[in-house]
Every structure is written in C-alpha cells, then in structure tokens.
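Here are some notes for when you next have the model open. They go point by point, so keep the viewer handy.

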Amino acid sequence: MQEPTLFIGVDVSKAELVVSLGPEHRPRSVGNDATCIANWLAEVPPGALIAMESTGRYHGLLAHLASQAGLTVYVLNARDVYFYARALGTRAKTDGVDAGVIARYLAEHHEHLHPWQPASSVQQRLQDLLTRRAQLATQRSALKQIVSGVDVRDIDASGVYDAVDGLLGAMDEKVQERIASDARLRSGCQRLRTITGIGAQTSALLATLFSRFEFANADALVAYCGLDPRPNDSGTKRGRRRLSKKGPSLLRRQIYLVGFSASHSKALKLLYESIRAKGFASTEAFVILGRKLLRVAFALWKGDGAFDPARLMPTNDLQKT
C-alpha cells in the first residue's frame, strides 16, 4: 500500500525555521543554517512536499537544500496564505500556527501550484544584482526627498550622490558582464532592446525571468507579473477592474515604466493616445501599454525577429501616419 503524501509547511525567519508536519504533529524548530537544515532533511521521507512563504532571501537556503535533496518545493505568495488563514478563521498567530496553515494550504492546493525551480548561478547572480540595484535607486530617490526643502547651501552633498551613482554604474557593468557570458541571455537581450521603452535594465530583468521559467503563454506571464485585471462583477453589475498585483513588485514597476517611456516615444505615442481615448486614466494607459509590450517581449524571446511598432497600432492610427 502506497504511503500517503507528507505535506510539510515551514514558517521561515532569519534565525530559525518552524516546521509543521500536519495537525497530528507538534511544530518543531530548526536552525536556519546549512548544517541544521541538512540534518533535518535527512529525516524527511522521500516524496514529501514542502512549502514556505516567499521571505526575500531568508527562504532561499531551505528551498535550495530541499530541492537538492529530491523534494518537491513550493514557494508561496504570502498574500495568498494570509487570506487563506483568514478564511479558516484562525484565531491566533504564532510561528507554529503559521507553519500549520502553510502545510494545510499545500495539502489542499498543491495540484494547482507550480513547483519552485532553482536558478542557475548566472541567473541567481543577475537576480541579486538587479534587485539590489532597484533598492539602491529607490534609496537614492528617498535621500533626495529627505534633503528637499532644507537649506543645504553650506553643505556639499554631491559626494554622496556621486558615490551612489558610481555604485549603480558598477552594478550595471556586472549585469552586462553576466549577460555577455551567456549566449542565450546575450542574444535575447539584444532582441528585447529593439522594443520601444525597453532598455538595459528591463531587458536584463526580463531575460533573467524568461531564461528561468517556461511560461505556457503570454497570459500566464501577465498573471505571474500581477498585471492581469481582476473582475469584480455581481449579477448585471460590472465592477471596476483592478490589477491582481500577485507577482514580483520590481517586475511590475519596471513594466509600468516601460509603458510610461513608450508613451512619450514617436513610435507609440499614437497607440497611447488611442488607449486614453477609450476613457482610461494616464496611469491605467501606462499599465495597458506596458502590458502590451510585455506580450511582445515574450514573443520576441520565443522567436528570432525584431520589434515592429506598426503591428501594435490600431488601423485608424495607421491610416493617419
């Protein structure tokens, strides 16, 4: 008789992992370091499924070691688990309770979840660099906001900005070095950068994503990025659509910036204006335009052509040009 599948939920923090093997077992604590995790994984039976929430970098070690041990690993969206716990009517919140909720979520939904896939060394390095670069750029903008409105005529802050800009430039060079070292990434980025609005940072981010995950179609990619409109209808009432926002926020922000940049270009300005003419606000139009270009990027990655802006233009706009 085949043994039932073991569903393991893990609540991850910087120092420790709290593990739940289901309601019949008490949660246990495991140190979040390679030795402790390896010793615990040696006790886990083959065929077990293990899930954890995405926690920045703290879940990465467990995910890699569990995958290397032959286990099927799932990294869950924290928002999904949060709303699932609320639906269960969970009265308490402790690490043990959270781990139990994750285990139960995995048991009920594993057939519809996509297993986590480890990144190659190049992909992981690129992802780390691009994430840190985005964080640094955000902090640079925050620094300018902090000193705005303050009389700094007698204070020379240019050295701080020069240092940050130098670090950003060094990161950009490392990103391009990593891309140049991989033929698939290099050729893919070259095609992606033919798309209006997509530059070095976005092409590197998308190439890293496309090289790691095999999306079934463009709709799956849009949903992964959290750019899919979420219906809010009831009976004959058609509610306002809002983005699901389930994907990586960095990727979603970058696609928005692609739409913003493309809207100011000569090649796609008419397309942007046609979207606005349908009653969409400017922010909505930037997102819609960025989403269209994301679909184009997916097609170009799969193929070997270059971007043709005329194929995106409405017929009436083509007649005007």
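Helices here are DSSP runs of H or I with at least four residues, numbered from the N terminus. Bear in mind throughout that this is a predicted model.

1. Start with Cys-189, which sits in helix H7, residues 183-192. Is this cysteine buried or exposed? The cut-off for buried is under 20% relative accessible area, and Cys-189 has 6%, so the residue counts as buried. Setting aside neighbours within four places in sequence, Cys-189 is in contact with Ile-179, Ser-203, Ala-204, Ala-207 and Trp-301. Ile-155, on the other hand, is 34 residues from Cys-189 in sequence and 42 Å from it in space, C-alpha to C-alpha.

2. Next, the sheet. Five strands make up an open sheet, ordered E3-E2-E1-E4-E5, with mixed pairing. Its edge strands are E3 (28-31) and E5 (72-76), each of which pairs on one side only. From one strand to the next, the twist averages 25°. As background, strands of a sheet pair through backbone hydrogen bonds, in either a parallel or an antiparallel way.

3. Now take E1 (7-12) and its partners. E1 and E2 are antiparallel over four bridges, and the two form a hairpin with three residues between them. With E4, E1 pairs in the parallel sense, again over four bridges. Gly-9 is a handy marker for both pairings: Ser-20 stands opposite it in E2, and Ala-51 is its bridge partner in E4.

4. How many residues of E1 are buried? Six of six, so the strand is mostly covered. In a regular strand the side chains alternate between the two faces of the sheet. In E1, Phe-7, Gly-9 and Asp-11 point one way, while Ile-8, Val-10 and Val-12 point the other way, and all are buried. Note that Asp-11 is in that buried set.

5. Over at the E3 edge, E2 (residues 16-20) and E3 run antiparallel and are joined by four bridges. To find the register, look at Val-18, whose bridge partner in E3 is Ser-29.

6. Two helices to check against the sheet are H1 and H4. H1 lies across E1, E2, E3 and E4 (49-53), at about 135° to E3. H4 (residues 95-109) lies across E1, E2, E4 and E5, and runs at about 140° to E1.

7. H1 also meets another helix. Two packed helices are described by the angle between their axes and the distance between the axes. For H1 (residues 34-41) and H2 (residues 60-68), the axes come within 10 Å and cross at roughly 40°. That makes the pair oblique to each other, and the crossing is right-handed. On the H1 side the contact is made by Ala-34, Ile-37, Trp-40 and Leu-41, and on the H2 side by Leu-61, Leu-62, Leu-65 and Ala-66. How do these residues divide by type, and what is the count for each? Eight are nonpolar, with no polar and no charged ones.

8. Last, a backbone point. Most residues other than glycine have a negative phi. Lys-245 is not a glycine, yet has a positive phi of about 55°. Look for Lys-245 in the loop between strand E9 (242-243) and helix H10 (249-263). Lys-245 is partly exposed, at 48% relative accessible area.

Conventions. Residues numbered from 1 in each chain as written. Predicted model: local features only at pLDDT ≥ 70, side-chain atom pairs only at ≥ 80, totals over all residues. Heavy atoms only, no water. Axes fitted to C-alpha atoms, helices over the stretch in contact; angles between N-to-C directions. Parallel < 35°, antiparallel > 145°, perpendicular 65-115°, else oblique. Left-handed = near helix turned anticlockwise from the far one by under 90°. Contact = heavy atoms within 4.5 Å. Nonpolar A, V, L, I, M, F, W, Y, C, P; charged D, E, K, R; others polar. Pairing = 2+ DSSP bridges. Buried < 20%, exposed > 50% of the residue type's maximum accessible area, 1.4 Å probe, protein only.
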